Every structure is written in structure tokens, then in C-alpha cells.
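User: I would like a close look at one helix packing and at what surrounds it. Please take me through it with the cut-offs spelled out.

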Amino acid sequence: MPYPAAAQFLRTAIPDIIRAYQSALRAVRSPLATRKEAWPKCRDQAQAIVEDCVIALTGKQPPAPAEARRYSHLVGVDRATQGIAVAESVRAVDILWSAMQPAVRSAVQCEAAARRTAALLLISTVFRASSGSRLYAGAVGYGDAAPRLSEDVADENAGAEAASETPVESPACAGLSQREKQVLERVARAMTNSQIARDLGIETATVKRHLNNIYAKLQADSRIDAINKAYGRR
């Protein structure tokens with residue numbers, strides 16, 4: 001079912017959404033906004049996600065995801081090269097959704113009262129699908145470009161710049177011990193096992209043991225999978 005009035009409003013609001021998004025990222029000192037080389041791709045990804053929502057509101061299907069996945073993979077490679085942690089991409093999705101809320105509320109109000117709940121549900125569903133697909137492809141690209149994230153990495157200089165804020169935990173983290181959370185936070189900053197051990201004052205073997213416990217509790221099979229399950233939208 002198309003929602004043309006909501007679609008038109010949301011399309012017109014895209015520049016305001018992007019400005020609010022950039023401001024919110026800067027407020028938490030995200031490198032995606034504070035680094036001029038990272039912001040253009042971050043902006044493009046955000047705009048594409050909102051545009052997918054607009055297209056769905058018109059009653060059409062968003063473009064085939066293959067091209068979006070390819071671009072997101074390249075974005076992941078680029079962020080790995082810049083030393084930007086995967087957790088920043090996860091956090092950025094939540095920030096974008098928050099930045100969209102004023103426009104989304106106004107957009108659905110453009111429709112008849114009986115249609116507003118369905119319009120809001122459609123926007124939410126498409127946003128999750130569009131952002132989730134891009135997050136996954138970006139994480140794959142990050143992993144392809146950053147072998148330092150593998151468990152047996154030994155390069156002491158491979159750690160990327162730490163995220164300026166601790167990423168928001170998902171309910172999946174409830175079963176982790178405090179030490180396991182500390183280890184996982186440093187994994188999200190792309191720190192190596194040796195760097196984590198030095199930072200926490202423990203042995204590298206202990207870090208590996210904590211990681212194995214984290215994987216078991218989160219049912220994760222890699223560092224990136226653990227990060228996404230711990231800090232992603234569930």
C-alpha cells in the first residue's frame with residue numbers, strides 16, 4: 001500500500017535528517033563525522049537508507065540490494081584502513097534512526113489517521129532491513145581488509161584508534177562478566193590480543209580464554225560476529 005504524502009514529506013526532509021545525523025555523530029565524537037575523509041561515505045550510506053524508506057512508502061520496492069552491499073563492503077574496507085572500529089558503524093545506525101524520528105513522526109501525520117501506524121511500521125521495517133544489510137556487508141569488508149582482527153594476529157601496531165565512547169551494549173551482553181565486557185570493548189576498538197593483555201594487565205593466554213568464553217556465551221564464531229551481537233540492534 002503506498003503512502004504518497006508521507007513519502008513526499010520524508011523525501012523533502014532528507015537534508016535536515018542528514019544535518020541532524022552529522023551533528024549527533026559529532027556530539028559523541030564519532031570519527032565517522034569528525035574525520036573529513038570518513039564523513040562523505042557515512043553521509044552517502046545514511047542518505048541511501050532514508051531513500052530506501054521513501055521508495056517503500058511510494059509502494060515500490062527499494063533497489064536490488066546487490067549494489068548497496070558492494071558499496072557497503074567498500075565502505076567497510078575504507079573504515080578498516082582508517083582504523084575506525086566496527087562498533088562505530090553499529091552505533092551510527094542507532095544515531096541515524098534517532099535523527100530521523102522528528103521527520104518520521106511528521107511524515108506519518110501526513111497520512112490519514114487509520115493509515116499512520118502501518119506507515120510507521122513500514123518505515124521501521126525498511127530501515128532495519130536496509131541498515132542491517134549494509135552493516136553486515138561493511139563488517140565483511142572490514143574483516144577482509146583487517147586481518148589483525150583474527151585471533152592469531154601478532155602485529156603490535158595493528159590496533160586502530162579506540163572509539164571515543166563505549167558502544168551501547170545489547171541485552172546479549174547480560175551474561176558476560178565484567179572482565180569479559182572489558183575484553184570485548186577492546187576488541188571493538190580493533191585492539192590485538194597482545195594489546196588487550198597489556199592494557200588490562202593480564203596474560204595473552206587469559207585474553208584468549210576470555211574470548212572463547214565470550215564466543216560461547218554470545219554464540220559467535222568470530223570477533224566481528226561477537227561485536228555485532230554484543231553491540232548491534234536485536
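Analyst: What follows concerns the packing of H3 with H6, and then the cysteines. This is a predicted model, in which local features need pLDDT of at least 70 and side-chain atom pairs count only at pLDDT 80 or more, while totals for chains, interfaces and linings use all residues. Residues are numbered from 1 along each chain as its sequence is written, and side-chain values use heavy atoms, with hydrogens and water left out.

Helix H3 spans residues 39-57 and helix H6 residues 113-145, and the two pack at an angle of about 140 degrees with their axes 9 Å apart. Helices here are DSSP runs of H or I with at least four residues, numbered from the N terminus, and axes are lines fitted to C-alpha atoms over the stretch in contact, with angles running from 0 to 180 degrees between N-to-C directions. H3 and H6 are therefore oblique to each other, a word for angles that are not under 35 degrees (roughly parallel), over 145 (roughly antiparallel) or 65 to 115 (roughly perpendicular).

On the H3 side, Gln-45, Ala-48, Ile-49, Asp-52, Cys-53, Ala-56 and Leu-57 meet residues of H6 that include Phe-127 and Arg-134, where contact means heavy atoms within 4.5 Å. The residues of this contact divide into 10 nonpolar, three polar and two charged, with Ala, Val, Leu, Ile, Met, Phe, Trp, Tyr, Cys and Pro counted as nonpolar, Asp, Glu, Lys and Arg as charged, and the others, Gly among them, as polar.

Cys-53 has 0% relative accessibility and counts as buried, that is, under 20% relative accessible area with a 1.4 Å probe and protein chains only. Cys-42 is buried as well, at 1%, and a search of the whole structure finds zero disulfides, defined as pairs of cysteine sulfur atoms within 2.5 Å.

Methods. Buried means under 20% relative accessible area, exposed over 50%, partly exposed in between (1.4 Å probe, protein chains only).
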